[in-house]
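Student: I have a sequence and a model open side by side. Can we work through them by question and answer?

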Amino acid sequence: QVQLVESGGGSVQAGGSLRLSCAASVSIVSINAMGWYRQAPGKQRELVANITNGGSTNYAESVKGRFTISRDNAKNTAYLQMNSLKPEDTAVYYCNAVRYGRTWTRDYWGQGTQVTVSA
């Protein structure tokens, strides 16, 4: 079982920055990919960014050039650095961890952290 605890959300004005952290209860070396998703009111949850244990990253088009995902294996923590924030970035942000084997996949989720960007 993997437990994920997010922190770092809050309220910021447009153009500001926030850094989200996701601390895992296990060594993240054992986690194939970690990612951040977000869900705005009335919308579906969407992928923001993810990073594999090999360091490959993937970003939603809407955040490319503004957000950076990283992981610190020594701290068992993943981060999402968010710069140039826009009001449309307002959402609950969820940390996700994926483990998979040849015949199975397991997803784990954090409890979410609110990010509010005012105009």
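Tutor: Start with a cut-off. Buried means under 20% relative accessible area, exposed means over 50%, and partly exposed lies in between. Keep in mind that this is a predicted model.

Student: Is Arg38 buried or exposed?
Tutor: The cut-off for buried is under 20% relative accessible area. Arg38 has a relative accessible area of 6%, so Arg38 is buried.

Student: Which side chain does Arg38 meet in a salt bridge?
Tutor: The rule asks for a side-chain nitrogen of Lys or Arg within 4 Å of a carboxyl oxygen of Asp or Glu. Here the N to O distance is 2.7 Å. The partner is partly exposed, with a relative accessible area of 35%. The side chain that Arg38 meets is that of Glu46.

Student: How many helices and strands are there in the chain?
Tutor: Read the elements from the N terminus on. The run is β-β-β-β-β-β-β-β-β-β-β. The count is 0 helices and 11 strands.

Student: What is the radius of gyration of the chain, against the globule rule?
Tutor: The chain has 119 residues, and for that length the globule rule gives 14 Å. The chain's value is close to that, so the chain is as compact as a globular protein of that length. Along its principal axes the C-alpha trace spans about 45 × 30 × 25 Å. The radius of gyration is 14 Å.

Student: What percentage of the residues in the chain is buried?
Tutor: Take the surface first. The accessible surface comes to about 6,300 Å², of which 46% belongs to carbon and sulfur atoms. Of the 119 residues, the buried share is 43%.

Student: What share of the contacts comes from residues 24 or more positions apart?
Tutor: Consider the contacts with a separation of 6 or more. Among these, residues 24 or more positions apart account for 55%.

Student: How far apart are the mean positions of the positive and negative charges?
Tutor: The chain holds 12 positive and 7 negative charges. Take the mean position of each set. The two are apart by 6 Å.

Student: How many salt bridges does the chain have by this rule?
Tutor: One of them is the Glu46 and Arg38 pair. Another joins Glu61 and Lys64, at 2.8 Å from N to O. By this rule the count comes to 4.

Student: Of Glu61 and Lys64, which counts as exposed?
Tutor: Exposed needs over 50% relative accessible area. Lys64 has 45% relative accessibility, so Lys64 counts as partly exposed. The residue at 63%, which therefore counts as exposed, is Glu61.

Student: Which residue forms a salt bridge with Arg66?
Tutor: The closest N and O atoms are 2.8 Å apart. The pair links distant parts of the chain, 23 residues apart. Arg66 is in the loop between β6 (57–59) and β7 (67–72), and the partner is in the loop between β8 (77–82) and β9 (91–100). That partner is Asp89.

Student: Are Arg66 and Asp89 buried or exposed?
Tutor: Arg66 has 10% relative accessibility and counts as buried. Asp89 has a relative accessible area of 1%. Both values are under the 20% cut-off, so the verdict for the pair is buried.

Student: Which residues do salt bridges that share partners join into one network?
Tutor: Two pairs already met belong here. One is Glu46 with Arg38. The other is Arg66 with Asp89. The network's members are Arg38, Glu46, Arg66 and Asp89.

Student: Where does Leu80 lie, and what is its relative accessibility?
Tutor: Leu80 lies in strand β8. Neighbours within four places aside, Leu80 is in contact with residues including Leu18, Trp36, Val48, Phe67 and Tyr93. Leu80 counts as buried, with a relative accessibility of 0%.

Student: With which residues is Asn73 in contact, leaving aside neighbours within four places in sequence?
Tutor: Asn73 has its place in the loop between β7 and β8. Asn73 is partly exposed, with a relative accessible area of 36%. Its contacts are Ile28 and Val29.

Student: What is the phi of Asn76?
Tutor: Asn76 is found in the loop between β7 and β8. Asn76 is not a glycine, yet phi is positive. The value is about 55°.

Student: Phi of Ser84 is near what value?
Tutor: Ser84 lies in the loop between β8 and β9. At 41% relative accessibility, Ser84 counts as partly exposed. Phi is positive in this residue other than glycine, near 50°.

How values were computed: Residues numbered from 1 in each chain as written. Predicted model: local features only at pLDDT ≥ 70, side-chain atom pairs only at ≥ 80, totals over all residues. Heavy atoms only, no water. Helix = DSSP H or I, 4+ residues; strand = E, 2+ residues; numbered from the N terminus. Rg over C-alpha atoms; globule rule 2.2 N^0.38 Å. Buried < 20%, exposed > 50% of the residue type's maximum accessible area, 1.4 Å probe, protein only. Contact = heavy atoms within 4.5 Å. Areas by Shrake-Rupley, 256 points an atom, 1.4 Å probe, with all protein chains shown as cover. Lys, Arg positive; Asp, Glu negative; His and termini not counted. Charge placed at Lys NZ, Arg CZ, Asp CG, Glu CD.
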